[in-house]
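Thank you for making time this morning. I would like to walk you through one model, going from strand pairing to a few individual side chains, so please keep the view open while I talk.

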Amino acid sequence: MANKKLKPRQYEILEFIKKFRDIKRYPPAIRDIQSACNLSSTSVVDYNLKILERDGYIKRDKTVSRSIEIVQTDRSDNSIAVLGYIAAGEPLLLPTEDHWGSIEPLEMLDLPKAFLKDYSNAYALKVKGTSMIDALVDDGDIVVIKPVHTVRDGDMVVAWLQRENSVTLKRLFREPDRIKLQPANVNMHPIYVDPENIQVQGKVIAVIRNTE
């Protein structure tokens with residue numbers, strides 16, 4: 001059973017194999033994968049296929065051409081992308097939500113299928129900074145984000161400050177004529193912004209601790 005995190009390149013290869021099989025009704029050849037995934041050589045393809053086979057995502061018979069088989073597991077649809085970094089401190093320059101699709105993920109993160117059944121469009125970000133430490137979100141942790149545009153006061157959100165073109169992780173509170181982005185760190189001050197200058201890109205639905 002597959003139980004390892006996939007690196008972006010391995011995830012790309014696995015997804016190509018799935019799509020190729022769905023369309024052609026037979027597995028791709030090594031050179032098909034090399035061409036589609038822009039890999040430098042067939043040996044690079046074979047290296048990544050060995051990892052996918054070792055970790056239980058595929059099966060191969062090396063004596064037979066086009067013998068790649070996808071192993072059906074409950075984990076095939078519950079990987080989400082860690083798309084970049086989010087600042088739990090001063091706002092960090094990041095692409096906007098509209099550009100996430102063009103980013104190569106830092107890694108693919110496997111989560112329980114039951115958890116993600118209601119969050120098929122969720123993504124993840126790696127935290128930089130300690131402004132949310134009192135909310136048990138530390139530097140190096142990963143936050144799982146549900147894309148939303150409306151939130152309740154007190155929600156921990158990914159907030160895009162449009163004029164500054166920067167993104168930050170804070171709790172959001174509405175005040176007369178302004179929005180307060182509140183850190184969870186007694187040593188840090190809140191950020192106050194014009195309501196016209198902020199766009200909420202998502203809210204935190206889970207935190208995965210950094211154990212390294």
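Let me begin at Val144, whose bridge partner in β11 is Ala206. Before going further I should say that this is a predicted model. That bridge belongs to the pairing of β6 with β11, residues 198–208, which is antiparallel and extends over five bridges. Strand β11 is also joined to β7, residues 156–161, again by five bridges and with the strands running antiparallel, and in this pairing Ala159 has Val200 of β11 as its bridge partner.

Next, a lysine in a strand. Lys170 is located in β8, and is it buried or exposed? With a relative accessible area of 2%, Lys170 counts as buried, because the limit for that class is under 20%. Its side chain makes polar contacts with two other side chains, that of Thr168 at 2.9 Å and that of Ser131 at 3.4 Å. If we leave aside residues up to four places away in sequence, the residues that Lys170 touches include Ala87, Ala88, Gly89, Met132, Asp155, Leu181 and Ile191.

Two other lysines are placed over aromatic rings. Lys128 lies over the face of Tyr85, at 4.6 Å from the ring centre, while the charged end of Lys180 sits over the ring of Phe173, 5.5 Å from the centre of that ring.

Turning to aromatic rings paired with one another, the count comes to two pairs. In one of them, the ring centres of Phe20 and Tyr26 are 5.7 Å apart and the planes are at 75 degrees, so this pair is edge-to-face. Phe20 is buried, at a relative accessible area of 11%, whereas Tyr26 is partly exposed, at 37%. Together with Phe16, these two residues form one aromatic cluster.

Finally, I would like to point out two backbone positions. Which residues other than glycine have a positive phi? Leu136 is one of them, with phi near 65 degrees, and this residue lies in the loop between β5, residues 123–128, and β6, residues 142–146. Leu136 is exposed, at 56% relative accessibility. Asp177 is another, with a positive phi of about 70 degrees, and its place is the loop between β8, residues 166–175, and β9, residues 178–182. Asp177 is likewise exposed, its relative accessible area being 75%.

Terms used. Residues numbered from 1 in each chain as written. Predicted model: local features only at pLDDT ≥ 70, side-chain atom pairs only at ≥ 80, totals over all residues. Heavy atoms only, no water. Helix = DSSP H or I, 4+ residues; strand = E, 2+ residues; numbered from the N terminus. Buried < 20%, exposed > 50% of the residue type's maximum accessible area, 1.4 Å probe, protein only. Polar contact = N/O pair within 3.5 Å; in protein donor to acceptor, adjacent residues only side chain to side chain. Contact = heavy atoms within 4.5 Å. Pairing = 2+ DSSP bridges. Phe/Tyr/Trp six-rings, centres within 6.5 Å; stacked < 30°, edge-to-face > 60°. Lys NZ or Arg CZ within 6 Å of the ring centre and 35° of its normal.
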